[in-house]
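Trainee: Before I use any of the labels attached to this protein, I would like to go through the reasons behind them with you.

Mentor: Then let us look at it together, and ask of each label what supports it.

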Amino acid sequence: MSLFATLSRSIALTIMLVVTSPMALAQLEPTEEQRQAAVEIADSLRYGHYADVSFDEAWSQEAFDRYLDILDGQRAYLLSSDIEPYRHLETDLADTLFDGDLDEAFALYNRLNERHTARVEWLLEHLDDDTTFNFDGNERLELEREDANWAESQRELDALWQKRLKNDALTLALSDQDDEQIVENLRQRYEGQLSRLEQTESEDVFGLIMAAVTSTIDPHTSYLSPRQGESFDIQMSLSLEGIGALLQSDGEYVKVSSLVAGGPAERAGVLEPADRIIGVGQEDGEMVNVVGMRLDNVVDLIRGPKGSVVKLDVVPAQAVDMTRSQTVEITRDTVDLEDQAAQSEVIDVERDGATHRLGVIEIPTFYVDFDAWQAGEDDYRSTTRDVAKEIEQLKRQDVEGIVLDLRNNGGGALQEANSLIGLFIDRGPTVQVRDADGRINLYGDSEAGTLYDGPLGVLVNRLSASASEILAGAIQDYGRGIVMGSQTFGKGTVQTLSDLSHGEIKLTRAKFYRISGESTQNRGVEPDIDFPSLIDPERIGESSLDHALEWDTVQDVQYRQYGEPERYLDALLSAHQERAEENPNFRYLERQSALSRELREQNTSVSLNREQRERETQAQESEQLALENQRRRALGLEELEEWTDARDETSLSDNDSENGNSDEEDEEDMPVERAHVLEAAEVLLDYAKLESAARFVNR
């Protein structure tokens with residue numbers, strides 16, 4: 001199953017919870033339909049999940065803690081005394097679930113509702129009482145409070161919220177807003193929260209409870225309400241008119257988890273994974289602050305008719321402060337097969353006075369026109385068919401090797417990954433699938449012959465997932481080529497969708513295993529040659545998700561070795577490192593990645609003193625700007641005055657390249673990660689020469 005499918009289905013359940021209680025103090029209660037669905041979900045988890053789930057006291061403890069994290073992960077609303085009456089759920093939540101007894105879980109939510117509503121009203125009262133802000137003190141606000149103790153008194157929480165209010169105001173002040181504008185914007189934000197709280201229904205609460213239950217099993221198992229199931233069906237048909245970005249909650253923020261290949265956001269080049277969206281506006285409308293807004297409501301704001309423009313206020317993933325946002329515009333559109341089609345290019349590599357031609361085939365996703373295929377049409381579109389055409393074209397251009405670019409490919413049709421491998425091997429197994437009962441099914445290429453038997457490379461990154469990992473792993477296991485890039489996502493599980501009497505359940509039912517017997521789950525595929533990347537594996541990838549299933553192994557299968565790339569790895573690595581040391585883009589990626597990790601570790605709190613906050617932000621951005629300008633000087637490019645300008649120029653380079661406006665001979669003007677493609681061609685040429693030399697010696 002594709003990463004697109006997995007993340008799309010989980011979007012609606014990974015909800016930011018500090019805004020999910022209704023404004024009115026009416027007590028929400030479970031319906032009979034929800035009680036019955038809870039029993040069915042519990043049975044499905046016990047008898048249908050891939051893992052051997054034990055609904056014991058340890059599980060109850062874990063699920064209860066997860067529910068508290070969902071309700072109040074920053075320990076900002078509930079008191080310790082609010083939780084005490086429900087502590088018995090720590091040991092008997094499993095029993096209440098199987099009995100369909102949701103009353104206590106709903107009651108705890110209703111208590112949060114009271115506290116949350118009162119807190120937002122408290123914020124509004126403070127705005128009425130004091131419309132001036134003082135940013136001269138020495139206070140600091142702790143950013144992450146997941147491990148904080150529950151407050152014992154309202155006074156304790158009042159002190160926290162005094163700081164939070166001041167931080168909200170300071171963030172706006174640093175955007176050059178005066179006191180009047182700050183108060184108005186904060187008032188709109190908090191009143192918007194109250195309005196959204198008022199709209200909460202029992203189905204929302206039920207979804208939160210089930211999210212706590214299912215996410216303790218694995219991150220891809222989830223409950224879909226009738227509304228969420230309908231929304232997912234629209235997404236899967238690719239008829240959803242939006243921006244082509246998959247979103248997830250990240251504390252109070254909505255974060256970009258990945259971009260849909262060929263979608264409007266990817267084409268615009270203005271969004272990247274781990275970017276946070278803090279505002280959404282329509283073409284001619286005002287920007288709506290979405291900090292603290294429920295994820296599905298943010299998604300609704302971003303959706304719209306094809307051809308219309310949505311404005312997003314975005315904090316880049318590499319930003320060191322939430323004030324460093326920028327407004328981007330994306331024209332909504334649909335995504336079709338043509339947008340996701342494989343395409344190729346030829347890269348010329350100069351060596352010792354000679355020009356060597358290497359082919360690169362970019363494969364954004366594994367697709368197939370199912371309707372045309374099922375109708376028996378001879379000319380239906382698919383990844384394998386399109387890649388085959390590109391291979392034939394590259395062969396006519398006498399390339400010395402081919403790189404398959406699977407970066408950002410989140411998967412898709414498994415049958416296409418399977419058949420695509422068959423273009424490079426002469427029959428043989430490709431992947432093992434183990435189901436919940438321990439049965440293993442073996443899939444493989446049954447067609448004789450290969451379309452291409454020359455030097456082969458596979459380029460991957462952290463967003464290469466599922467079917468991409470199957471292909472990369474098979475090429476690696478067969479010794480058929482060199483895998484380059486960074487560790488892949490690690491999505492090695494298979495989900496199925498089943499109807500409930502109320503809603504649906506997406507259940508992890510199987511795991512993928514390579515023909516070597518190793519799972520792709522959690523660890524992904526480790527490249528033979530590592531390339532630096534700005535995607536942080538601690539924030540993106542299977543291993544970053546709570547309760548991800550573990551990596552393990554099964555029995556390997558018999559398969560033929562096509563080569564021994566490992567014989568040449570030391571030589572390949574040495575040549576690669578020598579080039580990387582001289583490559584400004586590679587040096588930049590390595591140093592920027594290390595700096596980003598360092599800054600995140602340092603930024604556990606923020607100063608509420610304006611001058612100190614500005615000094616800290618300036619110092620951090622100066623480090624990033626120095627790295628960027630060091631790269632630009634080495635490439636002979638004009639230096640930048642502001643670090644925030646770097647991403648704007650990268651986006652322009654991407655768009656110019658797509659529109660055919662870039663100078664193909666001037667690789668210095670290409671985006672930073674273009675360096676990966678160029679270096680992959682260099683590594684593949686090294687490999688081709690080493691293999692050729694070895695064959696000559698063995699004659």
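Trainee: What makes strands β9 and β10 partners, and in which direction do they run?

Mentor: Two strands pair if DSSP finds at least two bridges between them, and nine bridges join β9 (residues 343-351) to β10 (residues 354-362), so the two are paired, in antiparallel fashion. Among the bridges, V349 is matched with H356 of β10, and V346 with G359. The two strands form a hairpin with two residues between them, and D352 in that turn has a positive phi of about 50 degrees.

Trainee: What kind of model is this, and how are its residues numbered?

Mentor: It is a predicted model, in which local features need pLDDT of at least 70 and side-chain atom pairs count only at pLDDT 80 or more, whereas totals for chains, interfaces and linings use all residues. Residues are numbered from 1 along each chain as its sequence is written, and side-chain values use heavy atoms, with hydrogens and water left out.

Trainee: How many helices and strands does the protein chain have, and what counts as one?

Mentor: The chain comes to 21 helices and 19 strands, where helices (H or I, at least four residues) and strands (E, at least two) are DSSP runs numbered from the N terminus.

Trainee: Why are β9 and β18 said to stand at the edges of their sheet?

Mentor: The sheet is an open one of six strands, in the order β9-β10-β11-β14-β15-β18, with mixed pairing. β9 and β18 (529-530) each have a single partner strand, so one side of each is left without a neighbour in the sheet.

Trainee: Why is N110 called buried, and D284 exposed?

Mentor: Buried means under 20% relative accessible area, exposed over 50%, and partly exposed in between, with a 1.4 Å probe and protein chains only. N110, which lies in helix α6, has a relative accessible area of 3% and is therefore buried. Setting aside residues up to four places away in sequence, N110 touches A26, Q27 and L28, a contact being heavy atoms within 4.5 Å. D284, in the loop between β5 (276-282) and β6 (288-289), reaches 78% relative accessibility and therefore counts as exposed. For the protein chain as a whole, buried residues make up 57% of the 699 residues.

Trainee: What makes helices α5 and α16 mostly covered?

Mentor: In α5 (residues 89-98), seven of the ten residues are buried, namely L89, E90, L93, A94, T96, L97 and F98. Their cover includes α2 (32-48), α3 (57-72), α6 (103-129) and α9 (202-215). In α16 (residues 467-477), eleven of eleven residues are buried, and they pack against β11 (402-405), α15 (414-421), β12 (428-435), β14 (456-460), β15 (482-485) and β17. A glycine of positive phi follows each helix: G100 after α5, near 70 degrees, and G479 after α16, near 65 degrees.

Trainee: What makes a group of residues a nonpolar core, and which members of the largest one touch the most others?

Mentor: A nonpolar core is a set of buried Ala, Val, Leu, Ile, Met, Phe, Trp, Tyr and Cys residues joined through side-chain atoms within 4.5 Å. The largest has 72 residues, of which W59, Y67, L186, F206 and M210 touch the most other members. α6 gives this core its largest share, ten residues. Neighbours within four places in sequence aside, W59 is in contact with S54, L93, A94, L97, V213, T216 and I217. A second, separate core of 40 residues includes Y367, I470, A472 and I515.

Trainee: How do you know that a space inside the model is a cavity, and how many are there?

Mentor: On a 1 Å grid over the protein atoms alone, a cavity is a set of points where a 1.4 Å probe fits but cannot get out, and lining residues have an atom within 4 Å of a point. The search of the whole structure finds five cavities of 30 Å³ or more.

Trainee: Which helix gives the most to the lining of the second largest cavity?

Mentor: That is α5, with four residues. The cavity has a volume of about 70 Å³, a volume being the space filled by probe spheres set on the points, which are joined across faces, edges and corners. Among the residues that line the second largest cavity are L89, L93, T96, L97, I209, M210 and V213.

Key. On a 1 Å grid over the protein atoms alone, a cavity is a set of points where a 1.4 Å probe fits but cannot get out, and a pocket is an open set with protein on both sides within 12 Å along at least five of seven lines; lining residues have an atom within 4 Å of a point.
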